Amino acid sequence: MDGTLNSTHSINLGRSGRPLPDNLLAEILSYLPAKTFFRLLSVCKTFRQLSSDSHFLLSQSYHNNVISGFFPHSRDFSGPFCLVDPYAGVPRSSLEFLFRKGNIVGSAGGLVFVLHKKDASLRVYNPVRGTRCQLPSPPGKYCKWGGIAVRFLNDGDGVTKSYRLVYLSRYPVRSKLHRCQVYDSSARVWTMDKELDFGRLELHLEHPVICDDVVFWASSDSFSNEIDQCVVAYDVRKERTQIIPLPKEAAVARSDTIGIGMWEGKSLCLMHYETCTWVIGLWLLRKTNDGPPGWVRAHEVSLGQLGFRQPRNVSCVLLREVAMTTSLVFTVESEVYSYDIKDGELLKDGELKKLGSLGYSSPLLIPYSNTLRPCGEEEELFVDKEKRS
């Protein structure tokens, strides 16, 4: 159903036994992770109505737009789901379906974007709801390896229904060109398809960061040792590229790992793992009064001080934010860990949490949020309802 609920079934709470209005009940339930909400569908008819109410689905997506887990992913293998929030999760049947169908090229707001192996079509899935929708074919074909950045747009009623998708992919090895394709979900059309020349940089296509109309990618390597690593920014609206050099103090060796994320939702954060010192340095990009933005070193996390006793291979570093706490998420060999930073300060007695073991080394992680967001107007079921719990 769409729109508001019919006030036919109410829940009694408290000693007074007075019924709780459906609108208030819907607001309370919208704070639950998707998996937890589905476990309540058998409670009453009102809950089942909510599961198909578009405003409720979008409201729940807004309140749960935090990272609840990660899809381990590499170009040759996709492994088990790595859960952060114990009350969230993805049904095993959905995970098996996604990994069997193709490559996960991005995830945002609870939606998972998969490039299918069979016909190279791009489809969007909500693995918790068991729904999917195929996107219109863009001009030409997709390049095989790429990554997706998504910006959700406010439609004027306080929810973010439509989105703009940026799919950046690279041409064959040693080509200077990348292909940038932009999709508008409200119009259901591709609005851009152009080639971008980033030189001989290799980019972390799987881990873009989007801020308004600008998408950022960290370079992961280059075809030439003479090319310094950097952050690439592309303004989709102005169609303008900017190369942001890394801080001079962050001398990145070939064995080091870098990543980027949003710090407190407003500043670009560079994370640099220095193999020779076992230290992850965090740098924030700050505006200056009389020049271009500059990097400011904010924190550093020593793996040695966290208890690791020998040099380790860190292949991925990410940020996860919940309320006033920022978690540094990183892989060590085949294992995933997190360390908390609260109110912008490192916790001296902070807890090092092991999130999971993936079974293979040097994994990449694609963040996932446990939401009920619809895939689109023409979505269809791909998993039976009884298998979603």
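A strand here is a DSSP run of E with at least two residues, numbered from the N terminus. Keep that in mind, as strands come up throughout. One caution before we start: this is a predicted model.

Let's begin with the largest pocket. Its volume is about 1,200 Å³. The lining counts 37 residues. Nearest the centre sit Asn65, Ile67, Val150, Ile210 and Met262.

Which strand gives the most to that lining? S9 does, with 5 residues. S9 covers 146-153. Other elements each supply at least two residues. Among them are helix H4, at 54-63, and strand S5, at 102-108. Further along the chain come S14 at 209-211, S18 at 257-263, S22 at 317-322 and S27 at 364-368.

What about the chemistry of the lining? Nonpolar residues number 20, polar residues 11 and charged residues 6.

Next, a hairpin. Strand S11 spans residues 177-184, and strand S12 spans residues 189-197. They run antiparallel, joined by 8 bridges. Take one pair: Arg179 is bridged to Glu195 in S12. Between the two strands lie 4 residues. Look at Arg188 in this hairpin: its phi is positive, near 55 degrees.

Last, the cysteines. How many disulfides does a search of the whole structure find? The count is 0. Now two cysteines, Cys211 and Cys230: buried or partly exposed? Cys230 has 4% relative accessibility, and buried means under 20%, so Cys230 is buried. Cys211 has a relative accessible area of 29%, between the 20% and 50% cut-offs, so Cys211 is partly exposed.

That's the tour: pocket, hairpin, cysteines.

Conventions: Residues are numbered from 1 along each chain as its sequence is written. This is a predicted model: local features need pLDDT of at least 70, side-chain atom pairs count only at pLDDT 80 or more; totals for chains, interfaces and linings use all residues. Side-chain values use heavy atoms; hydrogens and water are left out. On a 1 Å grid over the protein atoms alone, a cavity is a set of points where a 1.4 Å probe fits but cannot get out, and a pocket is an open set with protein on both sides within 12 Å along at least five of seven lines; lining residues have an atom within 4 Å of a point. Grid points are joined across faces, edges and corners, and a volume is the space filled by probe spheres set on the points. Ala, Val, Leu, Ile, Met, Phe, Trp, Tyr, Cys and Pro count as nonpolar, Asp, Glu, Lys and Arg as charged, and the others, Gly among them, as polar. A disulfide is a pair of cysteine sulfur atoms within 2.5 Å. Buried means under 20% relative accessible area, exposed over 50%, partly exposed in between (1.4 Å probe, protein chains only). Two strands pair if DSSP finds at least two bridges between them.
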